[in-house]
Amino acid sequence: MLIASLKNIRFGYTDVPCLVDANIEIRSGEFVAVTGPNGAAKTTLLRLALGLLQPWEGSVELASRNPDGGKLTVGYVPQQVASFNGGFPSTVWEFVRSGRHVRGSWFRKLKASDHEQTEQALRNVGLWGLRHRKIGELSGGQKQRLCIARALAQEPDLLVLDEPATGMDQESRLAFYELLHHQVKGLGRTVVMVTHEMSESEKYLDRVIMLERKEDGGWRCCTTTSCSGHFAPVG
(Lines give C-alpha, C1' and ligand atoms only; values in the text may rest on other atoms or scores of the structure.)
Protein backbone atom coordinates (compact mmCIF):
# COMPACT_ATOMS: atom_id res chain seq x y z
CA MET A 1 0.00 0.00 0.00
CA LEU A 2 1.26 3.50 -0.88
CA ILE A 3 1.63 5.51 2.35
CA ALA A 4 3.19 8.73 1.03
CA SER A 5 4.29 10.11 -2.31
CA LEU A 6 5.86 13.26 -3.73
CA LYS A 7 5.36 13.91 -7.43
CA ASN A 8 7.25 16.49 -9.48
CA ILE A 9 7.99 18.59 -6.40
CA ARG A 10 9.59 22.01 -6.64
CA PHE A 11 10.30 23.87 -3.40
CA GLY A 12 12.64 26.39 -1.82
CA TYR A 13 12.93 28.74 1.16
CA THR A 14 14.09 31.70 -0.94
CA ASP A 15 13.56 32.48 -4.60
CA VAL A 16 16.04 29.70 -5.42
CA PRO A 17 14.58 26.16 -5.15
CA CYS A 18 16.33 23.51 -3.07
CA LEU A 19 14.15 20.71 -4.47
CA VAL A 20 13.43 20.38 -8.17
CA ASP A 21 11.39 17.65 -9.88
CA ALA A 22 11.50 15.32 -6.86
CA ASN A 23 9.49 12.07 -7.03
CA ILE A 24 9.39 9.67 -4.07
CA GLU A 25 7.13 6.86 -2.91
CA ILE A 26 6.96 5.25 0.55
CA ARG A 27 5.01 2.00 0.92
CA SER A 28 3.62 0.31 4.01
CA GLY A 29 5.90 -2.15 5.79
CA GLU A 30 9.16 -0.52 4.66
CA PHE A 31 12.13 0.62 6.72
CA VAL A 32 13.53 3.46 4.62
CA ALA A 33 16.57 5.63 5.32
CA VAL A 34 17.13 9.10 3.87
CA THR A 35 20.79 10.01 3.83
CA GLY A 36 23.18 12.51 2.30
CA PRO A 37 25.53 15.36 3.24
CA ASN A 38 24.54 18.39 5.28
CA GLY A 39 22.46 20.87 3.30
CA ALA A 40 20.96 18.25 1.00
CA ALA A 41 17.31 19.01 1.93
CA LYS A 42 16.71 15.76 3.83
CA THR A 43 14.62 17.42 6.55
CA THR A 44 12.78 19.42 3.90
CA LEU A 45 11.90 16.18 2.14
CA LEU A 46 10.32 14.77 5.31
CA ARG A 47 8.40 17.94 6.11
CA LEU A 48 6.97 18.08 2.61
CA ALA A 49 5.90 14.43 2.77
CA LEU A 50 4.09 15.07 6.07
CA GLY A 51 2.33 18.17 4.79
CA LEU A 52 4.22 20.49 7.14
CA LEU A 53 5.51 22.43 4.12
CA GLN A 54 3.63 23.17 0.92
CA PRO A 55 5.47 22.72 -2.40
CA TRP A 56 5.68 25.47 -5.00
CA GLU A 57 4.80 22.93 -7.64
CA GLY A 58 3.83 19.26 -7.75
CA SER A 59 1.67 17.15 -5.50
CA VAL A 60 2.06 15.46 -2.10
CA GLU A 61 -0.16 12.59 -1.02
CA LEU A 62 -0.30 11.12 2.48
CA ALA A 63 -2.69 8.22 2.99
CA SER A 64 -5.62 8.91 5.30
CA ARG A 65 -6.10 5.21 6.12
CA ASN A 66 -3.74 2.44 7.21
CA PRO A 67 -3.64 -1.00 5.54
CA ASP A 68 -6.32 -2.25 7.94
CA GLY A 69 -8.72 0.53 6.99
CA GLY A 70 -8.35 2.55 10.18
CA LYS A 71 -7.22 6.16 10.43
CA LEU A 72 -3.52 6.53 9.62
CA THR A 73 -1.51 7.41 12.73
CA VAL A 74 1.77 9.25 12.20
CA GLY A 75 4.54 9.58 14.77
CA TYR A 76 7.08 12.31 13.96
CA VAL A 77 10.27 13.14 15.87
CA PRO A 78 12.05 16.18 14.37
CA GLN A 79 15.64 17.25 14.89
CA GLN A 80 16.81 19.05 18.04
CA VAL A 81 13.80 18.08 20.14
CA ALA A 82 16.17 18.08 23.11
CA SER A 83 16.13 21.88 23.08
CA PHE A 84 12.47 22.26 24.09
CA ASN A 85 11.63 24.24 27.23
CA GLY A 86 13.36 22.73 30.26
CA GLY A 87 10.65 24.16 32.50
CA PHE A 88 7.97 21.98 30.91
CA PRO A 89 5.90 20.89 33.96
CA SER A 90 5.18 17.32 32.88
CA THR A 91 6.86 14.18 34.18
CA VAL A 92 8.40 11.66 31.80
CA TRP A 93 5.47 9.30 32.34
CA GLU A 94 2.84 11.98 31.72
CA PHE A 95 4.52 13.25 28.56
CA VAL A 96 4.82 9.82 26.95
CA ARG A 97 1.33 8.81 28.07
CA SER A 98 -0.09 11.90 26.33
CA GLY A 99 0.80 10.24 23.04
CA ARG A 100 -2.03 7.79 23.65
CA HIS A 101 -4.59 10.56 23.11
CA VAL A 102 -3.65 10.56 19.41
CA ARG A 103 -5.82 7.44 19.13
CA GLY A 104 -8.93 9.08 20.61
CA SER A 105 -10.37 12.16 22.29
CA TRP A 106 -8.16 14.19 24.63
CA PHE A 107 -10.98 13.91 27.16
CA ARG A 108 -11.37 10.15 27.10
CA LYS A 109 -10.41 8.14 30.15
CA LEU A 110 -7.22 6.20 29.53
CA LYS A 111 -7.45 2.44 29.81
CA ALA A 112 -5.10 -0.24 31.09
CA SER A 113 -3.92 -0.82 27.51
CA ASP A 114 -2.86 2.85 27.28
CA HIS A 115 -0.73 2.49 30.40
CA GLU A 116 0.75 -0.75 29.07
CA GLN A 117 1.76 0.90 25.79
CA THR A 118 3.26 3.83 27.69
CA GLU A 119 5.32 1.50 29.86
CA GLN A 120 6.48 -0.52 26.87
CA ALA A 121 7.55 2.61 25.00
CA LEU A 122 9.57 3.85 27.98
CA ARG A 123 11.21 0.46 28.43
CA ASN A 124 12.05 0.35 24.72
CA VAL A 125 14.13 3.50 24.99
CA GLY A 126 15.59 2.78 28.43
CA LEU A 127 13.71 5.48 30.36
CA TRP A 128 11.43 3.37 32.54
CA GLY A 129 13.56 4.05 35.61
CA LEU A 130 13.19 7.81 35.04
CA ARG A 131 9.43 7.83 34.58
CA HIS A 132 8.78 10.05 37.64
CA ARG A 133 11.40 12.66 36.70
CA LYS A 134 10.43 16.11 35.46
CA ILE A 135 11.35 16.66 31.82
CA GLY A 136 13.54 19.63 32.76
CA GLU A 137 15.76 17.30 34.79
CA LEU A 138 16.68 15.19 31.77
CA SER A 139 19.83 15.48 29.67
CA GLY A 140 19.63 16.33 25.99
CA GLY A 141 20.05 12.70 24.95
CA GLN A 142 17.36 11.60 27.41
CA LYS A 143 14.95 14.19 26.01
CA GLN A 144 15.61 12.82 22.55
CA ARG A 145 14.72 9.31 23.73
CA LEU A 146 11.69 10.72 25.55
CA CYS A 147 10.25 12.10 22.30
CA ILE A 148 10.92 8.82 20.52
CA ALA A 149 9.08 7.01 23.34
CA ARG A 150 6.07 9.30 22.95
CA ALA A 151 5.99 8.58 19.22
CA LEU A 152 6.19 4.83 19.88
CA ALA A 153 3.40 5.06 22.46
CA GLN A 154 1.11 6.29 19.69
CA GLU A 155 1.48 2.89 17.96
CA PRO A 156 2.06 4.77 14.69
CA ASP A 157 1.38 3.27 11.29
CA LEU A 158 4.07 5.63 9.96
CA LEU A 159 7.04 6.59 12.13
CA VAL A 160 9.17 9.46 10.78
CA LEU A 161 12.45 10.20 12.55
CA ASP A 162 14.93 12.96 11.70
CA GLU A 163 18.41 11.89 12.82
CA PRO A 164 17.05 10.10 15.92
CA ALA A 165 20.34 8.47 16.91
CA THR A 166 22.21 11.76 17.39
CA GLY A 167 24.04 11.69 20.71
CA MET A 168 23.71 7.92 21.22
CA ASP A 169 26.79 5.76 21.67
CA GLN A 170 27.34 2.84 19.30
CA GLU A 171 25.76 0.23 21.58
CA SER A 172 22.65 2.37 22.01
CA ARG A 173 22.43 3.05 18.27
CA LEU A 174 22.55 -0.63 17.38
CA ALA A 175 19.89 -1.46 19.96
CA PHE A 176 17.77 1.38 18.57
CA TYR A 177 18.03 0.09 14.99
CA GLU A 178 17.01 -3.35 16.25
CA LEU A 179 13.97 -1.72 17.87
CA LEU A 180 13.00 0.02 14.63
CA HIS A 181 13.54 -3.18 12.67
CA HIS A 182 11.07 -4.91 15.02
CA GLN A 183 8.57 -2.09 14.53
CA VAL A 184 8.60 -2.86 10.80
CA LYS A 185 9.01 -6.63 10.61
CA GLY A 186 7.31 -7.58 13.86
CA LEU A 187 4.51 -5.02 14.05
CA GLY A 188 3.98 -4.16 10.38
CA ARG A 189 4.71 -0.47 10.69
CA THR A 190 6.47 1.86 8.26
CA VAL A 191 9.61 3.70 9.35
CA VAL A 192 11.34 6.57 7.53
CA MET A 193 14.57 7.77 9.14
CA VAL A 194 17.12 10.43 8.26
CA THR A 195 20.56 9.14 9.24
CA HIS A 196 24.28 9.53 8.61
CA GLU A 197 25.13 6.16 10.21
CA MET A 198 24.68 4.03 7.11
CA SER A 199 27.42 1.54 7.97
CA GLU A 200 25.55 0.59 11.16
CA SER A 201 21.93 0.77 10.01
CA GLU A 202 22.14 -0.54 6.44
CA LYS A 203 21.56 -4.20 7.28
CA TYR A 204 18.21 -3.35 8.89
CA LEU A 205 16.89 -1.31 5.96
CA ASP A 206 14.65 -2.21 3.05
CA ARG A 207 15.58 0.83 0.99
CA VAL A 208 17.83 3.87 1.01
CA ILE A 209 17.06 7.27 -0.48
CA MET A 210 20.46 8.88 -0.94
CA LEU A 211 21.05 12.51 -1.86
CA GLU A 212 24.26 12.79 -3.86
CA ARG A 213 26.00 15.82 -5.31
CA LYS A 214 25.76 16.17 -9.07
CA GLU A 215 28.63 17.34 -11.26
CA ASP A 216 26.92 20.72 -11.75
CA GLY A 217 26.82 21.31 -7.98
CA GLY A 218 23.21 20.34 -7.24
CA TRP A 219 21.90 17.15 -5.67
CA ARG A 220 20.37 14.01 -7.06
CA CYS A 221 18.27 11.39 -5.33
CA CYS A 222 19.36 7.79 -5.84
CA THR A 223 17.63 4.64 -4.65
CA THR A 224 16.85 1.16 -5.90
CA THR A 225 13.15 1.96 -6.35
CA SER A 226 10.60 4.77 -6.59
CA CYS A 227 12.74 7.86 -6.24
CA SER A 228 14.06 10.50 -8.61
CA GLY A 229 14.71 14.19 -8.60
CA HIS A 230 17.35 16.88 -8.38
CA PHE A 231 18.33 18.61 -5.18
CA ALA A 232 19.99 22.00 -5.15
CA PRO A 233 22.16 23.11 -2.22
CA VAL A 234 20.36 24.82 0.66
CA GLY A 235 21.69 28.16 1.86
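This passage describes the overall make-up of a predicted model, its internal cavity, its largest pocket and two residues in its helices.

The chain is built from 6 helices and 10 strands. Of its 235 residues, 47% count as buried. Contacts that reach across the sequence are well represented: among those between residues at least 6 apart in sequence, 66% join residues at least 24 apart.

Helix α1 spans residues 42–49. This helix is mostly covered, with 6 of its 8 residues buried. The buried residues are K42, T44, L45, L46, L48 and A49. Just after α1, the backbone at G51 adopts a positive phi of about 80°.

Within α1, K42 combines a charged side chain with a covered position. The residue is buried yet forms no salt bridge. E163 carries the nearest side chain of opposite charge, at a distance of 5.1 Å; because a salt bridge requires a separation within 4 Å, this pair does not qualify. When neighbours within four places in sequence are set aside, the contacts of K42 are with V34, T35, G36, P37, V194, H196 and L211. The surroundings of K42 thus include residues 34 to 37 as well as V194, H196 and L211.

Empty space inside the model was examined next. Rolling a probe the size of a water molecule over the atoms reveals where such space remains. The structure contains 1 cavity of 30 Å³ or more, and the volume of the largest cavity is about 140 Å³. A total of 14 residues line the largest cavity, and those closest to its centre are I26, L45, L46, A49 and V192. Two or more lining residues are supplied by each of β1 (2–11), β2 (19–27), α1 and β6 (158–162). The greatest share comes from α1, which gives 3 residues to the lining. L45, L46 and A49, named above among the residues closest to the cavity centre, also belong to the buried set of α1. By class, the cavity lining consists of 14 nonpolar residues, with no polar and no charged residues.

The largest pocket has a volume of about 230 Å³. Its lining is made up of 14 residues, of which V125, R145, M168, S172 and F176 are the closest to its centre. Helices α3 (112–124), α4 (140–153) and α5 (170–185) each give two or more residues to this lining. The largest contribution is that of α5, with 4 residues. In the pocket lining, 5 residues are nonpolar, 7 are polar and 2 are charged, whereas the lining of the largest cavity has no polar and no charged residues.

Helix α4, one of the elements that contribute to the pocket lining, also holds A153. A153 counts as buried because its relative accessibility is 0%, and the threshold for burial is under 20%. Although A153 and T118 are 35 residues apart in sequence, their C-alpha atoms are 5.4 Å apart in space. Residues up to four places away in sequence being left out of the count, A153 touches V96, R100, Q117 and A121. Of these contacts, Q117 and A121 fall within the range 112–124 of α3.

Key. Residues numbered from 1 in each chain as written. Predicted model: local features only at pLDDT ≥ 70, side-chain atom pairs only at ≥ 80, totals over all residues. Heavy atoms only, no water. Buried < 20%, exposed > 50% of the residue type's maximum accessible area, 1.4 Å probe, protein only. Lys, Arg positive; Asp, Glu negative; His and termini not counted. Contact = heavy atoms within 4.5 Å. 1 Å grid on protein atoms, 1.4 Å probe; cavity = no way out; pocket = protein on both sides within 12 Å on 5 of 7 lines; lining within 4 Å. Points joined across faces, edges and corners; volume = space filled by probe spheres on them. Nonpolar A, V, L, I, M, F, W, Y, C, P; charged D, E, K, R; others polar.
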